Amino acid sequence: MSTEGETEPIPSVKDLASSEPSIRRTCLKTITTHINERSPSNPITSTQCLALWRGLYVALYMHDSKNALSVQNLAAELARTVQTMASKDDEVRNAGSQTYSWLETWSVAFWETICREWPSIDQWRMNKILLLVRFYLREVFHLSLQSVVDNDSEGKENSTKFITSQVHILEAWPLSPRERKVPDGLRLHVLDIWVDELAGQVDAVQKGHSQNGETENESPNAALTDVANKFMTPVEKVSKEAPHKGVKMRAKEAVKSFQEQFAS
């Protein structure tokens with residue numbers, strides 16, 4: 001256990017690169033258990049997040065590409081760390097002492113890792129990474145949209161801050177118009193899936209709200225559409241500022257698709 005002022009160490013990630021699936025699974029379980037059980041008051045540092053994401057990325061990279069369902073399950077498990085980090089932030093916020101965001105640090109490390117590793121991904125493993133990116137975005141969209149169903153005034157304030165921070169991260173990383181660290185291939189993939197994932201999570205949250213017995217007058221449609229519009233801000237920026245024509249055109253197509261799906 002770390003003493004006050006010290007940073008708690010993280011488990012070693014070296015076994016995530018093992019050629020033995022059982023060793024990788026054991027290491028992954030150790031890491032996820034550590035993250036789940038780590039005290040919210042002792043957050044994982046930016047350097048630690050980068051080390052963990054490097055290991056998690058390698059674990060997916062090494063996973064058997066021929067087993068599609070197993071690949072999906074692992075990618076989904078890695079993406080669900082978004083929920084874990086958001087829960088840590090909730091715990092710290094409820095204690096009234098939040099000066100650090102677990103999820104913001106985790107998300108920046110995720111996108112930085114994907115951007116760094118992108119040029120070295122071979123054609124046989126690219127689909128696994130594309131799937132991870134899709135699932136990660138799905139989790140971010142879902143949590144952001146779900147947060148607006150809370151009618152409590154404090155909840156709405158926290159929701160606004162949460163959404164603003166996530167939009168900012170996405171605008172600074174995968175959908176930064178000119179950041180050289182971001183490969184155009186990643187930009188294009190994100191633009192390809194953006195509207196489908198966003199619309200899908202709007203529907204999912206809306207259905208969940210209805211199934212909970214809410215009345216028609218309490219429908220959060222307008223609030224959800226407002227959040228969806230906020231998440232389109234980075235796409236609109238790319239459609240105007242991207243230096244490469246292909247990226248700019250793909251962004252314009254995404255904007256058009258969004259307008260068609262969310263037309264009143």
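Which helix holds both aspartate 184 and arginine 187? They both lie in helix 8 (residues 184–211), three residues apart, which is about one turn of the helix. Welcome to this predicted model, in which the protein is divided into domain 1 (9–120) and domain 2 (127–263). The points below start with how the two domains meet and then visit some individual residues.

**How the two domains meet**

- The C-alpha centres of domain 1 and domain 2 lie 22 Å apart.
- On the domain 1 side, 29 residues are in contact with 26 residues of domain 2.
- The size of an interface is often given as the accessible area lost when the parts come together.
- Here, domain 1 and domain 2 bury about 2600 Å² between them, with 81% of it on carbon and sulfur atoms.
- Within domain 1, Trp111, Cys115 and Trp118 lose the most area to domain 2, and together they account for 30% of what that side buries.
- Zero salt bridges are counted between domain 1 and domain 2, while six residue pairs are in polar contact across their interface.
- Four elements each give two or more residues to the side of domain 1 that touches domain 2: helix 2 (46–62), helix 3 (68–79), helix 4 (81–94) and helix 5 (102–117).
- Helix 5 gives the most to that side, with 10 residues.
- Sorted by class, the side of domain 1 that touches domain 2 has 20 nonpolar, five polar and four charged residues.

**Tryptophan 118, in a loop**

- Look for tryptophan 118 in the loop between helix 5 and helix 6 (126–147).
- Tryptophan 118 counts as buried because its relative accessibility is 11%, under the 20% cut-off.
- Beyond its neighbours within four places in sequence, tryptophan 118 is in contact with Met126, Leu130, Pro183, Gly185 and Leu186.
- Serine 257 is 139 residues from tryptophan 118 along the chain, and their C-alpha atoms are separated by 27 Å.

**Two buried residues in helices**

- Serine 147 lies in helix 6 and is buried, with a relative accessible area of 19%.
- The side chain of serine 147 reaches the backbone oxygen of serine 144 at 2.6 Å, and it also makes a polar contact with the side chain of serine 159 at 2.7 Å.
- Not counting residues up to four places away in sequence, serine 147 touches Ser159 and Ile163.
- Glutamine 166 sits in helix 7 (residues 153–172) and is buried, with a relative accessible area of 2%.
- Leaving aside neighbours within four places in sequence, glutamine 166 has contacts that include Leu103, Glu104, Ser107 and Phe231.

**Salt bridges**

- The count for the model comes to 12 salt bridges.
- One of them joins arginine 38 and glutamate 8, whose closest N and O atoms are 4.0 Å apart.
- That pair links distant parts of the chain, 30 residues apart: arginine 38 is in the loop between helix 1 (21–37) and helix 2, and glutamate 8 is in the segment before helix 1.
- Arginine 38 is buried at 2% relative accessibility, whereas glutamate 8 is partly exposed at 22%.
- In helix 4, arginine 93 and aspartate 90 are three residues apart, and their side chains meet in a salt bridge (2.3 Å, N to O).
- Arginine 93 is partly exposed at 27%, and aspartate 90 is partly exposed at 34%.
- Back in helix 8, aspartate 184 forms a salt bridge with arginine 187, with the closest N and O atoms 2.8 Å apart.
- Aspartate 184 is partly exposed at 25% relative accessibility, but arginine 187 is buried at 4%.
- Arg54, Arg116 and Glu117 are joined into one network by salt bridges that share partners.

Conventions:
Residues numbered from 1 in each chain as written. Predicted model: local features only at pLDDT ≥ 70, side-chain atom pairs only at ≥ 80, totals over all residues. Heavy atoms only, no water. Domains from an automatic or database assignment. Contact = heavy atoms within 4.5 Å. Buried area = accessible area lost by both parts, 1.4 Å probe. Polar contact = N/O pair within 3.5 Å; in protein donor to acceptor, adjacent residues only side chain to side chain. Nonpolar A, V, L, I, M, F, W, Y, C, P; charged D, E, K, R; others polar. Buried < 20%, exposed > 50% of the residue type's maximum accessible area, 1.4 Å probe, protein only.
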